[in-house]
Amino acid sequence: MTWEETIQHIRKQPEYRFLVEKAYFEEQLSLNVERYRESEEYKETLQKIRQTTPNAKRILDIGSGNGITAISFALDGYDVVTVEPDPSQTIGAGAIRQLKEEYRLSNIQVYEAFAEEINFKDGEFDIVFARQCMHHAYDLKKFVAEMSRVLKQGGMFFTVRDHVIFDEADKVFFLENHPLQKYYGGENAFTPQQYTEAIETAGLTIVEVLKYFDSVINYFPEESKTIARRKKEVVEATRFGKLLWYFPSIRDRRANIAFEQIEKNIPGRMYSYIAIKK
Ligand SMILES: C[S@@+](CC[C@H](N)C(=O)[O-])C[C@H]1O[C@@H](n2cnc3c(N)ncnc32)[C@H](O)[C@@H]1O
């Protein structure tokens, strides 16, 4: 099946209802945008952008799928250029064009291309943003190099929710457990070292790596209050755990160690990267 056929198929299967809703695969395209804009993930994403590049105007949104992020940025006033290689009306550039019309947006341009093959000029963008896209790169170093080339000095490269694997066995574990891999076979993931090397060799400086449990940007649809509660429970279950509420730094260290173990057992856990072109 193609990716488009996969999404059309799972929309009809009741067991995928939660996934369709939370991964923004609803047939009614604007419903996905509205849900994404309301999400804790998007609010945190916007906060990181505003904190890092408060004067940014022009965003390149790469691998935009059905347009949830590109349309949201446009609705929030940014000038958006969106690039998506898949022309699909369901989950690709065609869907984004429909949304552009529906929302009557004049501040968004839609192109069909792979990140490795874009034609924009050097230094055109204040921000390059990619959600769940970089791990699909067919050439990771070229992908990031092109994103760096089109960024201005001081610009922000922000990739969110990229699947991470630690070795080949972990990659098999990820692919075997991905709910849609059996239908379309297009999943991929890289190691943290591969992401870091690609970003740094492209001339970018990493300023923040958000590991899976560091941010709701990664662990959505879980909510941050749920994760905070689980961290509390994990610490309280350890020896003298309840007393640790009086020693916050030890408590947090213990929670982080426990959650590093939990993260290892999540197939293809996702990380996010913030880098600056200096
Ligand atoms: C998991 S989807 C994410 C879509 C969207 N960003 C979102 O978060 O809903 C990955 C997207 O990346 C696109 N893609 C795959 N390879 C790509 C590449 N080399 N360059 C740019 N986009 C790519 C796919 O067509 C797909 O739409």
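This passage describes the surroundings of the ligand and the arrangement of the main sheet in a predicted model.

The ligand is surrounded by 15 residues, of which G63, E84, A115, E116 and R131 come nearest. By character, the residues of this shell divide into 6 nonpolar, 5 polar and 4 charged. Among the contacts made by polar atoms, an N or O atom in the side chain of E84 lies 2.6 Å from an oxygen atom of the ligand, while a polar backbone atom of A115 is found 2.9 Å from a ligand nitrogen atom. A nitrogen atom of the ligand is likewise 2.9 Å from an N or O atom in the side chain of E116. Of the 590 Å² that the ligand exposes when taken alone, the protein buries 88%.

Turning to the sheet, 7 strands form an open arrangement with mixed pairing, in the order β3-β2-β1-β4-β5-β7-β6. The edges are taken by β3 (108-111) and β6 (204-210), each of which has a single partner strand, so that one side of each is left without a neighbour in the sheet. On average, and with direction ignored, neighbouring strands of this sheet are turned by 15° against each other.

Within the sheet, strands β5 (residues 151-163) and β7 (residues 270-277) run antiparallel and are joined by 6 bridges; in β7, Y271 is the bridge partner of D162. Helix α4, which spans residues 40-52, packs on the sheet and touches β4 (125-131), β5, β6 and β7, and the direction of this helix makes about 160° with that of β5.

Notes: Residues numbered from 1 in each chain as written. Predicted model: local features only at pLDDT ≥ 70, side-chain atom pairs only at ≥ 80, totals over all residues. Heavy atoms only, no water. Near = heavy atom within 4 Å. Polar contact = N/O pair within 3.5 Å; in protein donor to acceptor, adjacent residues only side chain to side chain. Areas by Shrake-Rupley, 256 points an atom, 1.4 Å probe, with all protein chains shown as cover. Nonpolar A, V, L, I, M, F, W, Y, C, P; charged D, E, K, R; others polar. Pairing = 2+ DSSP bridges. Helix = DSSP H or I, 4+ residues; strand = E, 2+ residues; numbered from the N terminus. Axes fitted to C-alpha atoms, helices over the stretch in contact; angles between N-to-C directions. Contact = heavy atoms within 4.5 Å.
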